[in-house]
Amino acid sequence: MNKDRRERLLDVASVIEDAKNQIQDIIEEETEAIDNMPESLQCTDRVMRMNDGIVEMERLIAYLDTFNENLNKTVENLKPTKNGKVSN
C-alpha cells in the first residue's frame, strides 16, 4: 500500500479517536446529571436507563479502542521494508 493510502487510514484512526473522546465527554455529562438528581429520583426507571446508556457507551469506547489498535497494526504491517516488500 502506498504512503498516501496508509496516511488516509491513519486519518481514519484520528477520526475514531475524536469520536471516542466525544463519547467519553457525553458519559461524563450523563454521570454528572445522574449525580445531581435528587435522591428520590436515583432509583427510577429513567436513571436506570441512563446508567444502561453509560454502560453501552463505555462498551462502545472499548470497541473503538480495539478497532484503532487493529487499524494501526494494519498500517504498520503495510509499510514497506527496506527491501521494498510489505512486512507481515
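The following exercises, each with a worked solution, concern the salt bridges, contacts and surface of a predicted model.

Residues are numbered from 1 along each chain as its sequence is written, and side-chain values use heavy atoms, with hydrogens and water left out. Because the model is predicted, local features need pLDDT of at least 70 and side-chain atom pairs count only at pLDDT 80 or more, while totals for chains, interfaces and linings use all residues.

**Exercise 1. A salt bridge within one helix**

Task: Determine how Glu7 and Lys3 are placed in helix 1, and state whether each is buried, partly exposed or exposed.

Solution:

Step 1. Recall the general principle: side chains of opposite charge can pair when their charged atoms come close. A salt bridge is defined here as a side-chain nitrogen of Lys or Arg within 4 Å of a carboxyl oxygen of Asp or Glu.

Step 2. Apply the criterion. The closest N and O atoms of Glu7 and Lys3 are 3.9 Å apart, and the two residues form a salt bridge.

Step 3. Locate the pair. Helix 1 comprises residues 3-35; helices (H or I, at least four residues) and strands (E, at least two) are DSSP runs, numbered from the N terminus. Since Glu7 and Lys3 are four residues apart in helix 1, about one helical turn separates them.

Step 4. Classify the exposure. Buried means under 20% relative accessible area, exposed over 50%, and partly exposed in between (1.4 Å probe, protein chains only). Glu7 has a relative accessible area of 39% and is therefore partly exposed, whereas Lys3, at 54%, is exposed.

**Exercise 2. A salt bridge between two helices**

Task: Describe the salt bridge of Asp65 and Lys20, and identify the network that contains these residues.

Solution:

Step 1. Consider the distance. The side chains of Asp65 and Lys20 meet in a salt bridge, with 2.6 Å from N to O.

Step 2. Consider the positions. This pair links distant parts of the chain, as Asp65 is in helix 2 and Lys20 in helix 1, 45 residues apart.

Step 3. Compare with the exposure classes. Asp65 is partly exposed because its relative accessible area is 27%; Lys20 is buried because its value is 14%.

Step 4. Examine the surroundings of Lys20. Contact means heavy atoms within 4.5 Å. Apart from neighbours within four places in sequence, Lys20 is in contact with Ile61, Leu64 and Asp65.

Step 5. Identify the network. Salt bridges link Glu17, Lys20 and Asp65. A search of the whole structure finds five salt bridges.

**Exercise 3. Two neighbouring positions in helix 2**

Task: State whether Asn68 is buried or exposed, do likewise for Phe67, and list the residues that each touches.

Solution:

Step 1. Locate the residues. Asn68 is in helix 2, which comprises residues 45-78, and Phe67 also lies in helix 2.

Step 2. Classify them. With a relative accessible area of 7%, Asn68 is buried. Phe67 has 41% and so counts as partly exposed.

Step 3. List the contacts, leaving out residues up to four places away in sequence. Asn68 touches Ala13, Ile16 and Glu17, while Phe67 touches Val12 and Ile16.

Step 4. Add a distance. Phe67 and Ala13 are 54 residues apart along the chain, and their C-alpha atoms are separated by 8.4 Å.

**Exercise 4. Separation in sequence and in space**

Task: Find the C-alpha separations of Glu58 and Gln24 and of Leu41 and Met1.

Solution:

Step 1. Take Glu58, which lies in helix 2. Glu58 and Gln24 are 34 residues apart along the chain, with C-alpha atoms separated by 7.8 Å.

Step 2. Take Leu41, found in the loop between helix 1 and helix 2. Leu41 and Met1 are 40 residues apart in sequence, and their C-alpha atoms are 55 Å apart in space.

Step 3. Add the exposure. Glu58 is partly exposed, at 44%, and Leu41 is partly exposed, at 37%.

**Exercise 5. Charge on the surface**

Task: Which residues gather in a patch of negative charge on the surface?

Solution:

Step 1. Apply the rule for patches: they consist of residues with over 30% relative accessible area and no salt bridge, with like charges joined within 9 Å and nonpolar side chains (Val, Leu, Ile, Met, Phe, Trp, Tyr) within 5 Å. Asp and Glu count as negative, Lys and Arg as positive; His and the chain ends are not counted.

Step 2. Name the members. The patch gathers Asp25, Glu28, Glu29, Glu32 and Asp35.

Step 3. Examine one member. Asp25 lies in helix 1 and, at 42% relative accessibility, counts as partly exposed.

Note on methods. Areas by Shrake-Rupley, 256 points an atom, 1.4 Å probe, with all protein chains shown as cover. Charge placed at Lys NZ, Arg CZ, Asp CG, Glu CD.
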